[in-house]
Amino acid sequence: MKLLVTGGAGYIGSVVAAQLVEAGHDVTVLDDLSTGHADAVPRGARFVNRPITEAGDALDGVEGVLHFAARSLVGESVEKPGLYWSNNLGGTLALLHAMHEYGVRRLVFSSTAATYGEPERSPILETDPTRPTNPYGASKLAVDTALTAYSGLHKLGAVSLRYFNVAGAYTAPGGDLYRERHTVETHLIPNVLRVATGERESVSVFGTDYPTPDGTCVRDYIHVADLARAHLLALDATTEGEHRVYNLGNGTGFSVREVVEVCREVTGHEIPTVVGPRRPGDPAVLVASSEKIQRELGWKPERTSMSEIVADAWNAIPR
C-alpha cells in the first residue's frame with residue numbers, strides 16, 4: 001500500500017514509518033523538520049521536506065495517511081495557543097482538504113489522552129467525558145471532531161488513537177535505532193535518564209501528597225514499539241464513512257517514585273530527586289483502558305515491564 005506519514009521524522013512517527021517499511025508498504029515521510037530529525041526517516045522511505053499545509057502532490061496515488069505532525073508541548077500551548085490552533089487544527093484541516101482532492105480515504109490520527117483533561121475515574125474509557133484543560137488537548141479534540149464530520153461527509157475512514165505516556169526505543173530488524181530526542185524535553189523518563197548521563201543534576205518530583213500508594217502521581221506508560229504496532233492494525237481497520245477512537249496504554253499505572261527507582265536500577269546511578277509542590281491541573285492518576293482496541297482489533301501491549309521500557313530508552317542514548 002502506498003502511504004504518507006506526516007511528522008515521520010519525529011519520535012513516534014519515525015517508529016511507525018519504520019514498521020510500515022518493514023511490513024512492505026511504499027512509504028513517504030512528509031515533515032518540515034521543525035521538531036523532527038532528517039536522520040530519523042527510515043531507510044526505504046522517501047522524504048518530502050514540507051509542512052502539512054503543503055502536502056499537495058505528495059498525496060498523489062496515496063491510499064492512506066498516518067498523521068503525526070503536530071505541536072505537542074502543553075506548557076507552550078498555554079503560552080502560545082494560536083500556534084497550536086493554527087498548526088494542529090488548521091494544518092490538519094488543510095491536510096484533510098488535500099486528501100479529499102486526491103481521493104485519499106484512509107487516515108490514522110495521532111491523538112492524545114490530553115483530550116480527557118482531568119478524568120472522573122480510572123482507568124479511562126473512550127466514552128468518558130472529554131474536557132481538555134489546555135490548548136494542546138483542545139486542538140487535538142477539535143481534530144477528532146473534524147474527523148467525525150469528514151467521515152460522514154466525504155466517506156473518510158478514520159481512526160484516532162489516544163496515547164497516554166509513550167517511552168522506550170525501537171531497534172529495527174536491520175539494526176537502525178529510533179529513540180526519543182526532543183529539544184525541549186518534558187517527559188519524565190528521558191529527563192530522569194538525563195540525570196544518569198550527567199546532563200542534569202536532579203529530577204523534580206512535583207507533589208508527594210497525592211491519594212496514591214506513595215503520594216506521587218501515577219501514569220500509564222506504553223512502549224513505542226507497541227504503540228507503533230497499533231497504528232498498523234488501525235490502518236487495516238479503517239472503514240469508509242466511519243471514525244473510530246481508541247485509547248492506547250498498558251492498563252497499568254506507575255508512580256513517579258516507581259519510575260525513578262526503576263531508572264536507578266537500570267542505570268546504576270543514584271539519580272537525586274528534588275521535591276516540589278504539585279503542578280496545577282496534574283491529576284493524581286491517569287491510566288487507560290485499552291479494552292476496546294484489544295477487543296476490536298486484537299491489539300495488546302507486549303512490553304509492559306517498566307524495566308524493559310527504561311532499559312530500551314537507556315541503551316539507545318549515545319554515550
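Which residue of strand 6 does L107 stand opposite? Select L107 and look across: the partner is A158 in strand 6.

Before moving on, know that this is a predicted model, where local features need pLDDT of at least 70, side-chain atom pairs count only at pLDDT 80 or more, and totals for chains, interfaces and linings use all residues. Residues are numbered from 1 along each chain as its sequence is written, and side-chain values use heavy atoms, with hydrogens and water left out.

**Stop 1: strand 5**

Now select residues 106-112, which make up strand 5. (Helices, H or I with at least four residues, and strands, E with at least two, are DSSP runs numbered from the N terminus.) Six of the seven residues here are buried, so strand 5 is largely enclosed by the rest of the structure. "Buried" means under 20% relative accessible area, "exposed" means over 50%, and "partly exposed" is in between, using a 1.4 Å probe and protein chains only.

Add the neighbours on screen. Strand 5 runs parallel to strand 6, and seven bridges join them. Strand 4 (residues 64-67) also runs parallel to strand 5, joined by three bridges. Two strands count as paired if DSSP finds at least two bridges between them. To see one residue pair, pick H67, which stands opposite F109 in strand 5.

**Stop 2: the largest nonpolar core**

Next, select I12, L20, L161 and L248, the residues with the most contacts inside the largest nonpolar core, which has 39 residues. Such a core is a set of buried Ala, Val, Leu, Ile, Met, Phe, Trp, Tyr and Cys residues joined through side-chain atoms within 4.5 Å. Several elements each supply at least two residues of this core, including strand 1 (2-6), helix 1 (11-22) and strand 6 (157-163). Helix 6 gives the most, with nine residues.

Zoom in on L161. Not counting residues up to four places away in sequence, L161 touches V108, F109, A230, L248 and I293, among others. Touching, or contact, means heavy atoms within 4.5 Å.

**Stop 3: K292**

Where does K292 sit? Look in helix 8. K292 is partly exposed, with a relative accessible area of 23%. Leaving aside neighbours within four places in sequence, K292 is in contact with E126, V245 and Y246. Try a distance too: the C-alpha atoms of K292 and G7 are separated by 26 Å, and these two residues are 285 apart along the chain.

**Stop 4: helix 7**

Select residues 256-267 for helix 7, whose 12 residues reach 17 Å from first C-alpha to last, close to the 16 Å expected at 1.5 Å a residue. (That expected span is 1.5 Å times one less than the number of residues.) Colour the buried ones: V256, V259, V260, V262, C263 and T267. Seen down the axis of helix 7, these buried residues fall within an arc of 160 degrees, so they line one face of the helix. The arc is that of the directions from the helix axis to the C-beta atoms.

What covers them? Among the elements are helix 5 (188-196), strand 11 (218-223) and helix 9 (306-315). Just after helix 7, click G268, which takes a positive phi of about 75 degrees.

**Stop 5: two cysteines**

How many disulfides are there, if one is a pair of cysteine sulfur atoms within 2.5 Å? The count comes to zero. Pick C263: its sulfur is 16 Å from the closest cysteine sulfur, in C217, too far for a bond. C263 has 0% relative accessibility and so counts as buried. C217, at 6%, counts as buried too.

Note on methods: Disulfide = S-S within 2.5 Å.
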